[in-house]
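Trainee: Could we go through this one together? I'd like to know what stands behind the labels.
Mentor: Sure, let's pull it up.

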Amino acid sequence: MANAGLKPVAGLLLVLNFCMYVIVAAVGGWAINHAINNGFFIDAGLALPAHFSPIYFPIGNAATGFFVIFAVIASVVGAAAALAGFHHVRAWSPESLPAAASSGFMAWALTLLAMGLAIKEIELHGRNARLICMESFTIILAVTQLFYLLAIHGGR
């Protein structure tokens, strides 16, 4: 590609994003496990509560369930997009750009969705330190993923 000056920047952002996506996936996995282990237990003879939600999390607030689910999906897609990005940074050719760009854009779109839910969760208050970490990483990832996409397109 013509501009190889952005290759180290793209590589650094790619490694940073991959590590952060793995952390978000790990914390999200913990939250899902905690919700499964400590969620609603309804006996055979009992009825569902009036305001039952299938995405109930005993930690956090009303937005926590949606945020955790979408953040885990975004982090898995983001980690997979990072693998395509590693190939593109290694090859740095026009042939590898479409795969890295399209998967990176999908990861960014899902991360923006999770970021919106993180902002809603921040607005509602009542969450623990792990969720605060997950929210902040998701918001930071929305920005760094955008910079990564700009870096790989700027190298054209």
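**A patch on helix 2**

Mentor: Start with the nonpolar patch: its largest share, four residues, comes from helix 2 (residues 64-91). Keep in mind that this is a predicted model.

Trainee: Which residues form the nonpolar patch on the surface?

Mentor: Phe66, Ile69, Phe70, Ile73 and Leu113, and together they have about 390 Å² of accessible area.

Trainee: Take Phe70, which sits in helix 2. Why is Phe70 called partly exposed?

Mentor: Its relative accessible area is 31%. Buried means under 20% and exposed means over 50%, so Phe70, at 31%, falls in between and counts as partly exposed. Patch residues need over 30%, and the 31% of Phe70 passes that cut-off.

Trainee: What makes the span of helix 1 close to the expected one?

Mentor: Helix 1 (residues 7-38) has 32 residues and reaches 46 Å from first C-alpha to last. The expected span is 1.5 Å times one less than the number of residues, and for helix 1 that comes to 46 Å, so the two are close.

Trainee: And what do the buried residues of helix 1 pack against?

Mentor: Helix 2, helix 3 (97-124) and helix 4 (129-154). Among those buried residues are Leu13, Leu14, Met20, Tyr21 and Val24, each of them under 20% relative accessible area.

Trainee: How many helices and strands does the chain have?

Mentor: Four helices and zero strands, so the pattern along the sequence reads α-α-α-α. Of the 156 residues, 39% count as buried.

Technical notes: Residues are numbered from 1 along each chain as its sequence is written. This is a predicted model: local features need pLDDT of at least 70, side-chain atom pairs count only at pLDDT 80 or more; totals for chains, interfaces and linings use all residues. Side-chain values use heavy atoms; hydrogens and water are left out. Buried means under 20% relative accessible area, exposed over 50%, partly exposed in between (1.4 Å probe, protein chains only). Patches are made of residues with over 30% relative accessible area and no salt bridge: like charges are joined within 9 Å, nonpolar side chains (Val, Leu, Ile, Met, Phe, Trp, Tyr) within 5 Å. Accessible areas come from the Shrake-Rupley method with a 1.4 Å probe; for residues, only the protein chains shown count as cover. A salt bridge is a side-chain nitrogen of Lys or Arg within 4 Å of a carboxyl oxygen of Asp or Glu. Contact means heavy atoms within 4.5 Å.
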